[in-house]
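The exercises below ask you to read a protein model step by step. Please keep the sequence and the structure in view while you work through each solution.

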Amino acid sequence: MATEKHEWSGWRTAAERALYGTGGFFRRPEGPAGHFRTSVHASPLFARAVAELLGRVDEALDRPAELALVDLGAGRGELLTRVLALAPGLPHELDRRLRPYAVERAERPAGLDERIAWRGSPPQGCTGLLFANEWLDNVPVDIAETDADGVPRRVEVDLAAGDGTERLGDPVDGEDAAWLARWWPLAGAEPGLRAEIGHPREAAWARAVRSLRAGLAVAVDYGHDRAARPPFGTLTGFREGREVRPVPDGSCDLTAHVAMDACAAAAGPGAGLLTQREALRALGLDARRPPLALASTDPAAYVRALGAAGEAAELTDPGGLGAFSWLHHPVELAHNPLRR
């Protein structure tokens, strides 16, 4: 009788390989837009808000000779492409001074605007805006679960099974245990409770913030804080627009919500948190319906304004995209452009 084969791995290692290894999910030619929809894909109004923020950062920096826009986790460059299309309309010749960088592990897509520099890691010493939209949730982390005695143990996944089968491994120790104690306490909790051990994300975000010489770093993601951690974690998969069981085989996105308060603390003083609804409203996004009188005087303008209001409503919906967290961290700025 053949012996059943297993290949057990922690989720951090498994997800790293499945997402970014050879043939991994984020290295596929179609890109993530074929599987899930972010705010960037939902409406061009999101890029318009980023362009507005870019202009405010430019002003706060006293209009430097070169202004960087670093898109961290750039997908296939959709956000930068849209901002570049808007750049000629921005004041103070920002179009001429703008230096766009796409940071992504996949190969540069064919046909991308030649002005966009394609990199595997953030450029160092830039001045400008670093924007990470739904990036931190894809920085792989390990998972802990309490056993029958309330002891947090590492969750392992069977790579050989190919169906996401899990088991509990050794007790959590070392840096992981220290992180849990501070940010997501599990010790002594009832069996079956879970936590996603977020220190790899904190380290990644701190590095991203430090890459700026001066400017503003912004991370946009679904998140939570210590007062409201999800008791069973949030690890899930997405494939072709549908939520699926997380299986680390490269066929689907693997994502988990972000402990935003821990990431904020890791990057040092000055960080702040807003909901996407608050941030986009602060950047001038208006979801109000146009006046009905416009339908009589200029029907085409009314239809356009009504469509824009609907798109703005989706981006700011507190039950959907509007619930995203915006973690913002100014670097060597006299004031925070998101707090104006």
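**Exercise 1: The second largest cavity**

The residues that line the second largest cavity are Trp179, Trp184, Glu196, Gly198, Arg201, Glu202, His257, Val258, Ala259, Ala262 and Cys263. The model is a predicted one, in which local features need pLDDT of at least 70 and side-chain atom pairs count only at pLDDT 80 or more, while totals for chains, interfaces and linings use all residues. Residues are numbered from 1 along each chain as its sequence is written, and side-chain values use heavy atoms, with hydrogens and water left out.

Task: Find which elements each supply at least two residues of the lining of the second largest cavity, and sort the lining by class.

Solution. Begin with the term itself: on a 1 Å grid over the protein atoms alone, a cavity is a set of points where a 1.4 Å probe fits but cannot get out, a pocket is an open set with protein on both sides within 12 Å along at least five of seven lines, and lining residues have an atom within 4 Å of a point. Next, assign the elements, where helices (H or I, at least four residues) and strands (E, at least two) are DSSP runs numbered from the N terminus. At least two lining residues each come from helix 7, strand 15 (258-259) and helix 8 (260-266). Then sort by class, taking Ala, Val, Leu, Ile, Met, Phe, Trp, Tyr, Cys and Pro as nonpolar, Asp, Glu, Lys and Arg as charged, and the others, Gly among them, as polar. The result is six nonpolar, two polar and three charged residues. Finally, the volume of this cavity is about 40 Å³, where a volume is the space filled by probe spheres set on the points, and grid points are joined across faces, edges and corners.

**Exercise 2: Helix 7**

Task: Check the span of helix 7 and decide which of its residues are buried.

Solution. The expected span of a helix is 1.5 Å times one less than its number of residues. For the twelve residues of helix 7 (residues 199-210) this gives 16 Å, which agrees with the end C-alpha atoms, because they are 16 Å apart. For the second part, buried means under 20% relative accessible area, exposed over 50%, and partly exposed in between (1.4 Å probe, protein chains only). By that rule nine of the twelve residues of helix 7 are buried, namely His199, Pro200, Arg201, Glu202, Ala204, Trp205, Ala206, Ala208 and Val209.

**Exercise 3: The largest pocket**

Task: State how many residues line the largest pocket, and which element gives the largest share.

Solution. The largest pocket holds about 710 Å³ of space, and 35 residues line it, with Tyr20, Leu72, Gly73, Trp135 and Val139 nearest its centre. Two or more lining residues come from each of helix 1, helix 2 (39-42), strand 2, helix 4 (78-86) and helix 7. The largest share belongs to helix 7, with five residues. By class, the lining has 17 nonpolar, ten polar and eight charged residues.

**Exercise 4: The open sheet**

Task: Give the strand order of the sheet, name its edges, and follow the pairing of strand 5.

Solution. Two strands pair if DSSP finds at least two bridges between them. The open sheet has seven strands in the order 4-3-2-5-10-17-16, with mixed pairing. Strand 4 (117-119) and strand 16 (272-275) are the edges, and since each has a single partner strand, one side of each is left without a neighbour in the sheet. Now look at strand 5: it pairs in the parallel sense with strand 2 (residues 67-72) over four bridges, and Leu129 is the bridge partner of Leu69. Strand 5 also runs parallel to strand 10 (residues 212-221), joined by eight bridges, with Gly128 partnered by Gly215. Eight of the eight residues of strand 5 are buried, so this strand is largely enclosed by the rest of the structure.

**Exercise 5: Two glutamates**

Task: Are Glu134 and Glu240 buried or exposed?

Solution. Glu134 lies in the loop between strand 5 (126-133) and strand 6 (142-146), and has a positive phi of about 50° although it is not a glycine. Its relative accessibility is 17%, so Glu134 counts as buried. Glu240, in the loop between strand 12 (236-239) and strand 13 (242-244), also has a positive phi of about 50°. With 62% relative accessibility, however, Glu240 counts as exposed.
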